[in-house]
Amino acid sequence: MAFIRTEDRDGVRIITLDNPPVNSLSFALSGELLPIVEAATADAGVKAVVFTGANGIFSAGADINDFSIEPTPETRTIRDVIAAVERSDKIFVAAIEKNALGGGLELSLACDYRVADAKARVGLPEIKLGLLPGAGGTQRLPRLVGAQDALDMMLKGRNVKMDEAKEKGIVDEVVEGNVLDAVVKLAQSAPPKRRISARKVELGKGITPQAEPFVVSQAHKMVPPENNGGLAAHKLIDAVEAAFELPFAFGLAREARLFEELARSQPSFALRHVFFAERELAKIPGLPAAKPLEVKKAGVIGAGTMGTGIAITFAQAGIPVTVIDSNEEAVEKAKQTVFGMFMYQVQKGRMTQEDAWKLGQSIQFTHEYEELADADVVVEAVFENMDVKKDVFKKLDTIVKPEGILASNTSTLDIDEMASVTKRPDKFIGLHFFVPANIMPLLEIVRGKDTSPETIATAFKLGKTLKKTAVLSANAFGFIGNRMVFDYAKAAGELAEEGISPARIDAIAKKFGFPMGPFAMGDLSGIDVAWHIAKARPDIAKGRTNVIDRLVEMKRLGQKTMAGYFKYDKAVGKGREPIADPEIEALFAEEAKKAGITPREVSDREILDRLTFALINRGAYLLEEGVALRPGDIDIVYVYGYGFPPHHGGPMWYADEVGVKHVYDRVREFGWEPAPLLKEIAERGGTFADYKQGELVHA
Ligand code: 3H9
């Protein structure tokens, strides 16, 4: 297959990268491109060379799949192509449309000039894959924009828009209209040769060279530790340090060595898994193809925290939304939240006052359900009670136009039971947002037994419009995320009953990479919420003791009452910082004694295993029951919804990392019932990565 097209226009050789969909610079493409660059260099008739991309995009960088392939002596990478560009005396110009990312930007940085379309974005996002820019990016970008700005861009993996790219000199010219024409014109004007490699590295505007060790050591301090999500960041800083200290060619060699080390590192494998798992989510085996409906107007029922967050999410995506609530006080509070939220964006310089005003106007509050007659989708976010929800849907069904989709934001309840009170179960779906809905990236889409393929397709498209990562779940208590979190919380509670302090358990979860531990999470979501769930489904969510009932009696409902498993103090971390409370340890001890549980010594390793293996075991059940489609879907739910450290790839990826057999053995040692799928994979020495996806069934 040919990945490259060439064309000559008045002495300019136009080389088009054509590897759909994103022109990734695979080994195969590089192997074809290298002799083409060398031939252009050797051709006296060629005055200048232009790189451009087919498919409306320059390039998304190296092919991420290639990093798992062992190269042979014949393998050519984009690094070899860039070296050929660097050696050449011809003028090279890059014509950038849509994206020049990773190796794509690195190829254009090896060129003498870069011209981009006004809507393009450029960046070196390798860090998100646990890598560093390995084709000269860490050596050329600091020479171009100064080390400080380069570090900022590369450590955040930030893709920059054209105003910033032009201002920093990453692109030379920004054009509205035909980029290729502008580039050919520039190439024909015989501009001087200018290699970035010939420049000296500077720190940044107004910073003296003497500050270099300080900048480097500060950068190391700003990123997570090497063994907890920061491996690539530290190596990236080392590579930039090499740009200062070594001649260009040696810096490149150091960068390449560090890149290869990272490409084989466990965190990078995990992050690459997250990248591809995310892109699988909307591919639903067995689901007939269907055209999604356009969502031009939305409704939300309930102006509480959830409803308000969902309304803000719609407004920010440009979808006008009407919020229904008859409680004046709740509406007033919601209006203030909306106003405060948009004003904050103005203060931060993220939007103009005028835009904030317009967005505010696109959220209307009323108590008239009739206002929703023409809504394309209505999301219910009222109290988590089946009867209350059914009343809402009965009413909506009579008012909303027949083609409108009705959705529930329930976090646990039965979607089919709600759908049964409507005449449109095919247009009924669960849209489970996470708190705060306007910030949290995850959306669980819950499919009822009658939900139509069109409704599912609309939900996925809506998820994309709302900038959410959407995962499909079958209709089962707690869906994917919460069903697993009950087991996680139970495992944490059992450890505390055995005499381990909540503070120690949380510290171990944080050391593993969770942003907060299970007890702080319980305090954040509310002890009363857990209490209600345990009452509704004791078979699933009730622990061995009565600690939760006691906490509710004591009115220790979590952060909102400034006391739960921990204490909170307004003067400490704005009231959000958990403070260990000996009273709670005593409460666990007392309740454990009543339940006949004896305290015991538990190692840090066991604490971590019990927390994470509880998730894995439940995840295996959910796969088998068809609640989740793929191990990767579960991983995405946990990484985006529950803070599972992405450098461990999500619970199911982590199972493969530590060995499924080991997880299975430990699950049995802990006295839990192992999921049959866990047993099966363990016994045949397999992995979750090999697990063949099933079709979504109804549990
Ligand atoms: C690198 O460059 C290393 C170098 O420094 C050193 C080398 C020595 N490779 O996201 P989408 C696929 S590391 C392979 O849904 P969008 C993707 O899987 C690279 N495949 O589209 C999907 O496949 P499918 C640094 C890739 O429009 C399809 O393309 N670069 C790659 O929402 C469409 O993707 C990055 O990290 C790739 N590089 O977003 C950029 N990129 O259709 C990664 C995409 O089978 N890419 N695919 O599911 C992106 O950020 C987004 O894909 C992009 C398009 C913004 C480009």
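## Close-ups of a predicted 699-residue chain

**Figure 1. The whole chain, before we zoom in.** Of the 699 residues in this protein chain, 57% are buried. Keep in mind that this is a predicted model. The fold contains 29 helices and 17 strands, and its C-alpha trace spans about 85 × 60 × 55 Å along the principal axes. The radius of gyration is 28 Å, which agrees with the value near 27 Å for a compact globule of 699 residues. If we look at contacts between residues at least 6 apart in sequence, 72% of them join residues at least 24 apart. The accessible surface adds up to about 30300 Å², with 54% of that belonging to carbon and sulfur atoms.

**Figure 2. Charges, and a salt bridge between Arg13 and Asp43.** The chain carries 87 positive and 98 negative charges, and their mean positions sit 2 Å apart. Searching the whole structure turns up 51 salt bridges. In the one between Arg13 and Asp43, the N to O distance is 3.0 Å. This pair links distant parts of the chain, 30 residues apart: Arg13 belongs to strand E2 (residues 12-17), while Asp43 is in the loop between helix H1 (27-42) and strand E3 (48-53). Arg13 counts as buried because its relative accessible area is 13%, under the 20% cut-off. Asp43, at 28%, is partly exposed.

**Figure 3. Asp609 meets Arg666 in a salt bridge.** The closest N and O atoms of this pair are 3.1 Å apart. Asp609 is in helix H25 (residues 604-625) and Arg666 is in helix H28 (residues 660-669), so the bridge ties together parts of the chain that are 57 residues apart in sequence. Is Asp609 buried or exposed? Asp609 is buried, with a relative accessibility of 2%. Arg666 is buried too, at 16%.

**Figure 4. Salt bridges with shared partners.** Glu497, Glu498, Arg544, Arg600, Glu606 and Arg610 are joined into one network by salt bridges that share partners. One link to pick out is the bridge between Glu606 and Arg600, at 3.2 Å from N to O. Glu606 is buried at 11% relative accessibility, whereas Arg600 is partly exposed at 39%.

**Figure 5. Two cis peptide bonds, each leading into a proline.** Most peptide bonds are trans, so these two deserve a look. The bond from Pro20 to Pro21 is cis, with omega near 5 degrees. Pro21 is found in the loop between E2 and H1. The other cis bond runs from Val435 to Pro436, with omega near -15 degrees. Pro436 is in a loop as well, between strand E15 (428-433) and strand E16 (442-447).

**Figure 6. Positive phi at Ala190 and Lys555.** Most residues other than glycine have a negative phi. Where does Ala190 lie? Ala190 is in the loop between helix H7 (179-188) and helix H8 (212-222), and its phi is about 50 degrees. With 64% relative accessibility, over the 50% cut-off, Ala190 counts as exposed. Lys555 has a phi near 60 degrees and is placed in the loop between helix H23 (547-553) and helix H24 (582-594). Lys555 is exposed as well, at 63% relative accessibility.

How values were computed
Residues are numbered from 1 along each chain as its sequence is written. This is a predicted model: local features need pLDDT of at least 70, side-chain atom pairs count only at pLDDT 80 or more; totals for chains, interfaces and linings use all residues. Side-chain values use heavy atoms; hydrogens and water are left out. Helices (H or I, at least four residues) and strands (E, at least two) are DSSP runs, numbered from the N terminus. The radius of gyration is taken over C-alpha atoms; the globule rule is 2.2 Å times the number of residues to the power 0.38. Buried means under 20% relative accessible area, exposed over 50%, partly exposed in between (1.4 Å probe, protein chains only). Contact means heavy atoms within 4.5 Å. Accessible areas come from the Shrake-Rupley method with a 1.4 Å probe; for residues, only the protein chains shown count as cover. Lys and Arg count as positive and Asp and Glu as negative; His and the chain ends are not counted. The place of a charge is taken as NZ of Lys, CZ of Arg, CG of Asp or CD of Glu. A salt bridge is a side-chain nitrogen of Lys or Arg within 4 Å of a carboxyl oxygen of Asp or Glu.
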